[in-house]
Amino acid sequence: MSRQMIRFALAATSLALVPATARAQSCDAACMADLANRFMDAMTKADPQGLPWAEKVGYAENSTKVRIGESSWVTIKGRAKSPLVVADPQTGHVTWIGMIDDHGQPGFYAMDMRVKDGKIAAVQSVIRRKEGRPPFGDPATYAPDKKYATVVPGKARLPRGQMIGLVDAYYAGLASNGAKLSVGFDKGCAVIENGVRMTGNLPAVAGGDAGCESAFKRGLYGELEAVRHQVLAVDEARGLVAAIGYRDMPGAKTSFTAQDGTTYPAEALYPRTVGFVSVFKIEGGKIARLETIANEVPYLMPAPFNAPKAKDVVIDDTAVFMESATSDSAGNLYSGSFKGNIYRAVPGSGTAIAWIRPDATNKLASVLGVLADEKSNTLWACSIPMGKTGEVSALAAFDLKSGAFRQRYEMPAPASACNDIAIDKDGTAFVAETTNGRILTLKPGAREVSLLVEDKALLVGVDGIAFGGDGTLYVNNVRQNSMLRVNRKADGSFASLTPLKVSMPLNGPDGLRPIGGNRFLQAEGPAGRISLLTIEGDVVTMKVLKDGMDGVPGVTTIGHTAYAVESKGRFLFDPAMKGKDPGVFALRAVPLGGIQ
């Protein structure tokens, strides 16, 4: 096909951690699966013109952007009639795995298609042809295991968040060569790559142990430097999770020693990366099978459609010791601080400056939680006296646009600590009061806060507070390393507290921000990390997005980027560190979604 026949502009596209409801579309799973098959049929005919394309389209083969209508569009003449397809209207992604025919030469093909409003917005494929290093089975006889088509009995199913958690845990175990493995495998679990049963990075030896768990226990992934992945689609009924990603191998060593003490030669002696598309079968809370199409690409190959990474936002001040962060739809960033200032970075700026300062009117002391409430045009801020005699903790309200002070609502006795704020759908502010284990409320127009609940056993240490998309209220506890659901009656009054089961240990949970539906971002100060939380019933599935930061008490988002508050609080509270230079204070930009 000539270049003049069709030219599509390549656009940067990526799956972001935006609310699932915002990504839901009229094209259901059957519609998306049909689009994927129609796409493959169009490829075999070298004719893309009859497909429903979005206004801007991204297309890549083996991580390289190419024009639609060229490259494999002119070589692929046949495709599998019974492919493995996983379609997910919530994410807008559909995955297709099967065989292809290139001018009579069979090969393996896996595709990730992003669908928006019933139209094809992006396609990236992993194509494995005969040339190259093993593994490479027989594409002509290849067919995904029949288990992938079977529906998982209701009692053996997991909610989608926990299914994704299992896949994330699998890749974490892969990257750590089994040291951080926290996932279970079915007894008959097998890893199939390009039609070949695998043990670690090599094809399984005849008669050898090729189970999924064995390679982890033996430590056969010692060549891996990093594993980068992104979950694409989930089919809860069939227990399927599709993912795309890269395995990076630097080739720096000619051998590696496994956990069992055996020394193995490296699979290859040069730097390389393996791009892959995988589909997991999950049943009974365990991984039952893993089907992968993979192909070698240049070392550290980036994902083709990643948006440019946002830059950190630096605070233009010293001795700041930030505590919390919030943002608005215009892209303004706000941060509270132990210094008492509230800092703001305007959209596009890499610097935040002191916007609201303590004075005799607002009586700000140390500012913990801050929250932008655009419906009421209010910036809420929690002020605590930090031991200053005669002062009390208070919730302060400022004009969100101008920063003008509006009102101050003092916390009731005994000595309190207004820590963070969440806003209900009716505009009521809910306040986490840490010292006495209370949740307080301030209704629109009220002159003082009211008590919702006080619980010395479960709430002393209450910190982060946020509403889910269905109106359910959640809190975490920085002292007890716990999370709770705050159950309320139909009239909004308190009913009970339900402790939640978190998928990994917490270490000082702090700022909690909703990002749509049942998903949240959470900061952990002592742990120096931010994580994605998915809450399903009484279970919280936690995925660490970034760690290794110097104290992270808060987090917020703008678009597809999270901003983690790096407080460096040890320079303020640790006697051994006081007086030393903490360096620059910043809100650290962390991409949400995509493959970094």
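Let me start with one cysteine. C27 has a relative accessibility of 3%, so C27 counts as buried. Its partner is C31, and the two form a disulfide with an S to S distance of 1.9 Å. C31 sits at 29% relative accessibility, so C31 counts as partly exposed. Keep in mind that this is a predicted model.

How is this disulfide turned? The torsion about the S-S bond of C27 and C31 is about -95°, so the disulfide is left-handed.

How many disulfides are there by the distance rule? The count is three. Number the bonded cysteines in sequence order, and the pairing reads 1-2, 3-4, 5-6.

On to the next pair. C189 and C212 form a disulfide, with their sulfur atoms 1.9 Å apart. C189 lies in strand β8, residues 185–193, and C212 in helix α4, residues 212–218, so the pair ties together parts 23 residues apart in sequence. The torsion here is about -75°, so the disulfide of C189 and C212 is left-handed. Are these cysteines buried or exposed? Both C189 and C212 are buried.

Now the remaining pair. C382 and C418 are joined by a disulfide, S to S 2.0 Å. This pair links distant parts of the chain. C382 is in strand β23, residues 378–384, C418 is in strand β26, and they are 36 residues apart. The torsion about this S-S bond is about -55°, so the disulfide of C382 and C418 is left-handed. C382 has a relative accessible area of 0%, so C382 is buried, the cut-off being under 20%. C418 also stands at 0% relative accessibility, so C418 counts as buried.

That gives us two strands to follow, β23 and β26.

Take β23 and its partner. β22 and β23 pair in the antiparallel sense, over six bridges. Within that pairing, V367 stands opposite S383 in β23. The two strands make a hairpin with four residues between them. In that hairpin, N377 takes a positive phi near 55°. How many residues of β22 are buried? Eight of the eight are, so β22 is largely enclosed by the rest of the structure.

Next, β26. Four strands form an open sheet in the order β26-β27-β28-β29, with antiparallel pairing. Which strands stand at the edges? β26 and β29, residues 450–454, do. Each has a single partner strand, so one side of each is left without a neighbour in the sheet. Neighbouring strands of this sheet are turned by 25° against each other on average, direction ignored.

Look inside that sheet. β27 covers residues 429–433, and β28 covers residues 438–442. Five bridges join these antiparallel strands. One contact to find on your screen is V431, whose bridge partner in β28 is L440.

β22 and β26 come back together at a pocket. Each supplies at least two residues to the lining of the second largest pocket. So do β18, β30, β35 and β39. Which strand gives the largest share of the lining? β35 does, with five residues. The space in this pocket comes to about 840 Å³. There are 31 lining residues, and the closest to the centre are L371, A372, I423, F467 and P514. What is the chemistry of the lining? Twelve residues are nonpolar, twelve are polar and seven are charged.

One last stop, back towards the start of the chain. Strand β7 covers residues 119–128. Nine of its ten residues are buried, so β7 is largely enclosed by the rest of the structure. β7 pairs with two strands I want to show you.

The first is β1, residues 53–61, which pairs with β7 in the parallel sense over five bridges. There, the bridge partner of G58 is A122 in β7.

The other is β6, residues 105–116. Nine bridges join β6 to β7, and these strands run antiparallel. Here V115 has I120 in β7 as its bridge partner. β6 and β7 form a hairpin with two residues between the strands. In that hairpin, D117 takes a positive phi near 55°.

To recap: three disulfides, an open sheet of four strands, a pocket of about 840 Å³, and a largely enclosed β7. Questions, please.

Note on methods
Residues are numbered from 1 along each chain as its sequence is written. This is a predicted model: local features need pLDDT of at least 70, side-chain atom pairs count only at pLDDT 80 or more; totals for chains, interfaces and linings use all residues. Side-chain values use heavy atoms; hydrogens and water are left out. On a 1 Å grid over the protein atoms alone, a cavity is a set of points where a 1.4 Å probe fits but cannot get out, and a pocket is an open set with protein on both sides within 12 Å along at least five of seven lines; lining residues have an atom within 4 Å of a point. Grid points are joined across faces, edges and corners, and a volume is the space filled by probe spheres set on the points. Ala, Val, Leu, Ile, Met, Phe, Trp, Tyr, Cys and Pro count as nonpolar, Asp, Glu, Lys and Arg as charged, and the others, Gly among them, as polar. Two strands pair if DSSP finds at least two bridges between them. Axes are lines fitted to C-alpha atoms, for helices over the stretch in contact, and angles run from 0 to 180 degrees between N-to-C directions. A disulfide is a pair of cysteine sulfur atoms within 2.5 Å. Buried means under 20% relative accessible area, exposed over 50%, partly exposed in between (1.4 Å probe, protein chains only).
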